[in-house]
Amino acid sequence: MSYQAKTDWKMDDTVTEDDFNRIERGVGDAHTAIESVNGQIQADAARQSIDLSKPVQVVESAKRSRLKIDRIKGRTLTNLLGAIGGDSLPSALTSYNAAVSTDTASYTSGTRSTLVTATGTTVAEHFASTDRLPILPSRQYVFIGDIQTTKGVAGYRFIFRDSAGNVLDDVSTGGTLAGGWTTTGLLITTKSTAVTMEMRVQVFKNDGSLNYVPSGEAARFDSARLYQVNAADYDSLKTYDLPEWNRRFPFVLSSTSTTGIHITRYGDNLAPSFREWTFINVGTITESYTHMVTANGTEQNSQTNIKAVPGTTYTFSVTKTNGGKIGFDFRDAQNVGLAGTGLVDAASVTLKAPPNTASINIVTSVPASVPSGVQVEFKNPTLNIGSTALPFKPRVYDYLYFSDVTLASSIAGDVADEIYEQNGKYYKLNTYRQLTVDGSLNWFFNIAVPGLKRVWTESISGYYSHHYADFQRFDGKILLPGAHNDGPDRYTFEENLKLFVTIANKDSGWGDNYTPTADEIKAYFNGWTMYTADDPTGKTPYNNSGTKLWRAHDAFGGGRSTGTLPTDRVPGMTPYALSYRLTQPYVTEIKPEGGISLNEGLNQIETGVGMIVRERANPFRDGNGAYNINNGNYPTSNLARRTGKILNIYRNRVEDGTWVRGTDMPTPSGVLAQSKYYDPAAVYEVTYLALDPISAPLASITAIADTNLKTVVDTLADANADVETRVGVLERDAFSKQGGTVGPLKINGNAGTMGLVGKDHTYVEFFPKGIEAGRRAYIGYPGAGINALHINNHDPGGNIDLLPGVGGAARIDGNNIWHEGRLRSNNGTLEFNDGTGWKAVGAGADQYKPLIKRQTLPLGGAEVINAINLTGKCYLSKILVMSSNNPAKLKVYVDGAVWMDTNVIAGAIGGIVQNSDIGFSDGWVGTYGPDSGPQMRKIGGTGSGLWWARPNDFPNGAYMGQTYHVVIPQPIYAKSSIRIEVSGQGASTNLDVDFAGGVPA
């Protein structure tokens, strides 16, 4: 019983022994309480260590205290199958008694899977196989892949061979029967003599037979990955089931490190507002936690999915009216239901999560039995841990986001970058460095062997030579250690850590007889492939004869070509990437967003990766008046990456709760958000999780919580001092933005005084009228994949002025472009002053002299003649060819590429003419024939089909070989060459050839 003080004593009151006993007992109790508090204050620091490596867990805390992150270790996942493990698998397979195709109906990653169907009428094996891929000996690997069998049994199979081609191991995942997608896997240790590996995707008979006559057996394959692992991971995987394999080693296309780390601690209520539910069937969200639905005679359900922990009891409660029902069910990692409460007409429902639970799906429902037109209200949804429903509170959470930090590791994961906390600040231990390997490096030729070249670049700073690096090509293929004798796509560090790389001729376009220059090697690493002009397909390497051209590498869509040695990157290319261990690790301070405290009692904590924090949004207004973020139907609204979940939307840096988001409105870009409360002058930002894998999972994460009063107080005191310092900086910044008189920011330094460092883009923003009025201009690189510097003034009516000093000039690349007094109009001619006098604009342009050539050529039945062959800068204004008595063919090449390819029938004219060369009479278009001087020849008219065409029809493969004439408005200019080729079509003929053009003066 607590002490009851008597506070109404009077002078004549009698004090008894009971009064003194009561008083003494109270004094004793007070001393006991004080000593207890003193004991907690003076006790040694007591802290609770917490492992947060699982994606979601429930942590019990003895005190309300700050959660301190002890250590976060990252991971680099390097899929040794490269891009062929996903969407590119069909093109990498050779089929054996099987048909291989892509399938967009069902897949587990990317946009399609690989469908393998057994074919043939004889007893045989039915599979598709990769080439023999290089593999390292005496290594430990984990393989994981997904299979969906439609008939029969299917599996992955691996065959390992030595240098002589002898089979060392033949292992398979075992068969999966028809049904849904199944994850399967293998643990593999390669023999000491292993050199190559072949992966097969194989379809068996239903009884498991390898050899059989097929009757429709087929299966889909997707998300295949092969990772090298360290001994500890290899042993631990033996104790885990396949879902845990899948979580720890998810599919990535090539090589990916840990990035976008996030940690979230939720409050008592785990249920989000209705605006954040993943599926809202119908009705109106009148307030964030109120949903009104009108009954219509059918069951109308709304739901959302929340992560959950196996073995934990959850209670879901909602205030509802007019017969509404609630319920929930637990689901596994594949979203398959495990157990549930059913839909019930009750105030709350409770159930314990079974094993393998990954999430809980909470549901509100308007049953079909509710009469049509009745309004059913659902209000204040609450999901809490425990068997008793708690009073409603809006969902709140603490978070910690490490959005701009990447943690790498060795390929096997045994050595890694780390994050740790010290004195209230966060630091990164940088053990690995990421290097972009492109044309910006200085490259040199080393050696050539048939089929490949070996090149090298300068020493790689800080490389720790006792560990091999993680090196991937621009198409995702993984390079392995090795020299030129080991084949293409190998690398070594030699001669004071110079980086040597082997490149296949078919990739570089350098033939066996050609040695590339340093700049041509740079062009390759910038995404360009060399080829010979003799092959218009661009597939034949240049072999030291003819004209060399360059095209974009096939990994970037090919197509784009040039006759001038390119010095820039192919637009949108992904360069080679090297991640290597440093000889001397170093520490840098990092600044995450947020902080986490633990409530006394139970706390649900989620950890994850792949988060993008506060990305600038560009809302788009649709026809219904709603503004959209990341709606794939309106591409300008898209975020940088396909979106799996939108976590927060901010308006002028403050969270904006007016946006409705969920997967009930899926688009090609993923989850979208919509709102009708848009402020066009505001700046909107989005924090979201990427839909596609952009990060490897965390290797481990540990935290510390204080468990006694002294450590709680000490930690809060230290944190408070740090917060006061940081708030002071922020207040100064905010004061300046609000029009205060803080002096200008000055940064003292010399060379590289200030740097803006982005992950894939960065820019400076200007708010001249205050943050509330919105941004008015920016300078920088505004988006991922953009390599052009933007200077953008989007203030209505705003100009961009370049104002050089008196006597100075604005320049581009050292060349004057404008200044007062340097440009004038003189009698209608635009002139500029280059410092030596006035000159006409264009006076420095290329000058040509005309070239007219008429000839008659006897042509054999299969003969090919180069009638015109111009090199260097030149132009073509007309080419006409007339065949005397048999058909011929005319080809026109401009800068090595086919510009025109046409048949010339006997007695008719084919070729290219300008508008000024043609006339029109009696319904016919005509021109002067090459054989007839002033006589007009008819070349087209009513009913003449495709005898002539407009300039914008060319070059166009649909017309080549059909059109006899092209009419152009102006000459065709070439940078390197024009070649006119005529050839017979089986019978001899005479050709009259009339050419007009120009060559340099």
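Is E520 buried or exposed? In this predicted model, E520 is buried, with a relative accessible area of 4%, and the residue offers a convenient way into the structure, since its surroundings bring together a helix, a strand and a salt bridge.

E520 belongs to helix α5, which spans residues 518-525 and whose buried residues are E520, I521, A523, Y524 and F525. The general geometry of such an element is worth recalling here: an α-helix has 3.6 residues a turn, so residues three or four places apart point the same way. Just after α5, G527 adopts a positive phi of about 100°. The side chain of E520 meets that of K548 in a salt bridge, with a distance of 2.7 Å from N to O. Because E520 lies in helix α5 and K548 in strand β37 (residues 548-552), the pair ties together parts that are 28 residues apart in sequence. In contrast to E520, which is buried, K548 is partly exposed, at a relative accessible area of 25%.

Two further residues of α5, Y524 and F525, are members of a cluster linked by ring pairs, which also includes W443, F471, F474, Y491, F493, W510 and Y576. Across the whole structure, a search finds 36 aromatic pairs. One of them joins Y314 and F330, whose rings are tilted, with 6.1 Å from centre to centre and 55° between the planes. This pair links distant parts of the chain, since Y314 sits in strand β21 (residues 313-320) and F330 in strand β22 (residues 325-331), 16 residues apart. Y314 is buried, with a relative accessibility of 0%, and F330 is likewise buried, with a relative accessible area of 0%. Another pair is formed by Y848 and Y973, which counts as tilted because the ring centres are 5.8 Å apart and the planes stand at 55°. Y848 lies in strand β60 (residues 848-859) and Y973 in strand β71 (residues 972-974), so that this pair ties together parts 125 residues apart in sequence. Here Y848 is partly exposed, with a relative accessible area of 25%, and Y973 is partly exposed as well, at 48% relative accessibility.

The charged pairs can be followed in a similar way. The count of salt bridges comes to 34. In one of them, E494 pairs with R454, the closest N and O atoms being 2.5 Å apart, and the link again spans distant parts of the chain, from E494 in strand β34 (residues 490-494) to R454 in strand β31 (residues 452-459), 40 residues apart. R454 is buried, with a relative accessible area of 5%, whereas E494 is partly exposed at 28%. A network of salt bridges also links R473, K477, D489, K506 and D507.

Strands β63 and β64 give a further example, in which the side chains of D901 and K889 meet in a salt bridge of 3.4 Å, N to O. D901 lies in strand β64 and K889 in strand β63, so the pair ties together parts that are 12 residues apart in sequence. At 18% relative accessibility D901 counts as buried, while K889, at 23%, counts as partly exposed. What, then, of D895, which lies in the loop between β63 (888-894) and β64 (897-904)? D895 is buried yet has no salt bridge, and the nearest side chain of opposite charge, that of K975, is 6.3 Å away. Leaving aside residues up to four places away in sequence, D895 touches L549, A974, K975, S976 and S977.

A different kind of feature appears at the surface, where M754, L756, V764, F766, I779, Y781, L789, I791, I800 and L802 form a nonpolar patch with about 950 Å² of accessible area together. Strands β52 (762-766) and β53 (777-781) each supply at least two residues of this patch. I800, by its position, belongs to the loop between β54 (790-793) and β55 (810-812), and is partly exposed, with a relative accessible area of 49%.

These details sit within a protein that has six helices and 73 strands. Of its 1001 residues, 45% count as buried. Among contacts with a separation of 6 or more, 70% are accounted for by residues 24 or more positions apart.

Technical notes:
Residues numbered from 1 in each chain as written. Predicted model: local features only at pLDDT ≥ 70, side-chain atom pairs only at ≥ 80, totals over all residues. Heavy atoms only, no water. Patch = residues over 30% accessible without salt bridge, like charges linked within 9 Å, V, L, I, M, F, W, Y side chains within 5 Å. Areas by Shrake-Rupley, 256 points an atom, 1.4 Å probe, with all protein chains shown as cover. Salt bridge = Lys/Arg side-chain N within 4 Å of Asp/Glu carboxyl O. Helix = DSSP H or I, 4+ residues; strand = E, 2+ residues; numbered from the N terminus. Buried < 20%, exposed > 50% of the residue type's maximum accessible area, 1.4 Å probe, protein only. Lys, Arg positive; Asp, Glu negative; His and termini not counted. Contact = heavy atoms within 4.5 Å. Phe/Tyr/Trp six-rings, centres within 6.5 Å; stacked < 30°, edge-to-face > 60°.
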